[in-house]
Amino acid sequence: MEEKQELYKQRTEKLARIGELGEEPFRYSYSRTHTVRQAYERYEENKAGSSDTNVKLAGRLVALRSHGKSTFADLKDDSGKIQIFFGLQDLGQEKYEFLAKLVNIGDFIGVEGGVFTTRTNQVTVRVQNFSLLTKSLRPLPEKWHGLKDIETRLRQRYLDLLSNDEVREIFRKRSGIIKSIREFLDARAYIEVETPMLHPIPGGATARPFVTHHNALDRDLYLRVAPELYLKRLIVGGFEQVYEINRNFRNEGLSPRHNPEFTMLELYHAYVDYEYVMSLVEEMINHVARTLNGSTTLTYQGNAIDVKAPWPRMPFFQAIRQFAGVDMEPISDADAAREAVSNLTLDLDPSAGYGKICDELLKTYVRPNLISPTFIVDYPVELSPLAKSKRGNPRLVERFQPFIGGLEIGNAFSELNDPIEQRRRFESQMKLRERGDEEAQRLDEDFVTALEYGMPPAGGLGIGIDRLVMLLTDSSTIKDVVLFPQLRTVTETVPEE
RNA sequence: GGGUGGGUAGCUCAGGUGGCAGAGCAUCGGCCUUUUAAGCCGGUGGUCGAGGGUUCGAAUCCCUCCCCACUCACCA
């Protein structure tokens, strides 16, 4: 089917001719001496001393401008793009013919030659010898407009990466962000750990899990929705500062801010509370922003933002009063809560309880307004079954969420370490489950047992890495910061019998 | 799942009052030894998202379906 395509046929014919000439169209290696960027740097250094700069470069041909007996081309590698010059005189008839007849845009080649500047002052490699490294059998996206079609960009991300430099830049930044987080944490004596992805009981977050099946054990397992309960077991086990940067899976809808698999930093630190963790988040985001941009200021979707510490702390109920105009604090049951929000535009599930209604208010009315970094602190206990009660107010928990640019980028609390209270919280979650709330958390007996052995006081933190990357790369959708985001699968249209 | 917009050559896009399916780039052939979106001349390339219907005739009108984007719902 594919083979019928004209361009593909032409390329495979060239492939055959290359073979007949005794050349290998898919080479094993090429020992380059410089990257493209290094070639430019080297040339600049040598210009003063006027010594020759000879280089061997490897990359993909992204443009060809042939003038008969001479040909200009652009060679692109991971570090940049450089013009190369092929002359009949330099290469000889046979080699030049090979270039003209058998090499295409899209092919990988290795070139060897001296660096010079053309009369239009363009730094160029004068090719003395070249090797075809990989023959490309399909045409590249158009050079000028690039690849625009979003569906192709996401389904064939490699094409997006090779034709849109700014896309590669985002993922380079993503790597830098994660690296700087590790640097920051490693420098503070945290150790990085790995905990299971396959959970017998999904826990640690209020979310619907993916289910899978283990054949040998003949039992269902769940892809983790959060590593939280395992990381806390490590705190029980005597580690005092641990973190994990890894994937979580939640069986929920897609949106500009949600991908079913997403990367989360989770961190636990013994003997500290959420106040300490707040400072840690401020410092960490400052460190990451500085490392990435050299500054704590950034622009997100047209808003100038400064992540410089300290960030304001705003109590949950105060935020709702301020942005939604209702006071939920004196209210404690679902009916009264529903009554209180009746004249707001809020779509509520009929089964929504008090906590859920408060959460909805936060998302709808508060979050979009939190552009400069803000901690919302002290959440209602109903929303947070794993957080420790607020000192002096048992209706609240010591929990905070950092918001920047209207994005919820994390979640943290003083960790609940009272096993008896933890069991009660799980039990009230189980009641929500029985009432049909599929996201309510399940009782993890083994986790409660661990707490019964004693978990030191601890602060815990989760940071949504994808959203942080969105913020730092000014991306409006999570699909722009995930290399291979989830898309609907293309279904083959089967003709009817 | 609902609403809106979209899917035409490998890529970027026109066409759309029903009447031979187009351009630029890519590709192939020819000319051309300093171009850089090189240029000039000539070709190839299409299930117009899929299927069905109306019609003498459908890319265009109607129905069903698929995929994408935005948005609402759901959720982190």
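Okay, let's start with two helices: H10, residues 316–324, and H12, residues 354–366, have axes that come within 9 Å and cross at roughly 55 degrees. Keep in mind that this is a predicted model. Angles between 35 and 65 degrees fall in neither the parallel nor the perpendicular class, so H10 and H12 count as oblique to each other. As for the hand, H10 passes H12 in a left-handed crossing.

Who touches whom there? On the H10 side you have Phe316, Phe317, Ala319, Ile320, Phe323 and Ala324. They meet Tyr354, Cys358, Asp359, Leu361, Leu362, Tyr365 and Val366 in H12. By class, the contact of H10 with H12 has twelve nonpolar residues, no polar ones and one charged.

Hang on to H12, since that helix comes back when we get to the RNA. There are 56 residues around RNA strand B, and those that come nearest are Gln10, Lys14, Thr120, Lys143 and Glu252. So what part of the strand faces the protein? Of the strand B atoms within 4 Å of the protein, 62% belong to sugar or phosphate, and the rest are in bases.

Let me pick out a few individual contacts. Thr118 puts a polar side-chain atom 3.0 Å from a base oxygen of strand B. For Gln122, a side-chain N or O atom is 3.2 Å from a base nitrogen of the RNA. And with Lys356, a polar side-chain atom lies 2.4 Å from a phosphate oxygen of strand B.

Now, which elements give two or more residues to the surface near the RNA? Those are helix H1 (6–20), strand S1 (54–66), strand S2 (70–77), helix H5 (150–155) and, there again, H12. The largest share comes from H1, with five residues. Taking the surface near RNA strand B by class, you get twelve nonpolar, 19 polar and 25 charged residues.

Last stop, another helix pair. H13, residues 419–434, packs against H14, residues 445–453, at an angle of about 160 degrees, and the axes are 9 Å apart. That angle makes H13 roughly antiparallel to H14. Their crossing is right-handed. From H13, the contact uses Pro419, Gln422, Arg423 and Phe426, and from H14 it uses Glu445, Phe447, Val448, Leu451 and Glu452. Sorted by class, that contact of H13 with H14 has five nonpolar residues, one polar and three charged.

That's my tour; happy to go back to any of these on the screen.

Methods:
Residues numbered from 1 in each chain as written. Chains lettered and ligands numbered in written order. Predicted model: local features only at pLDDT ≥ 70, side-chain atom pairs only at ≥ 80, totals over all residues. Heavy atoms only, no water. Axes fitted to C-alpha atoms, helices over the stretch in contact; angles between N-to-C directions. Helix = DSSP H or I, 4+ residues; strand = E, 2+ residues; numbered from the N terminus. Parallel < 35°, antiparallel > 145°, perpendicular 65-115°, else oblique. Left-handed = near helix turned anticlockwise from the far one by under 90°. Contact = heavy atoms within 4.5 Å. Nonpolar A, V, L, I, M, F, W, Y, C, P; charged D, E, K, R; others polar. Near = heavy atom within 4 Å. Polar contact = N/O pair within 3.5 Å; in protein donor to acceptor, adjacent residues only side chain to side chain.
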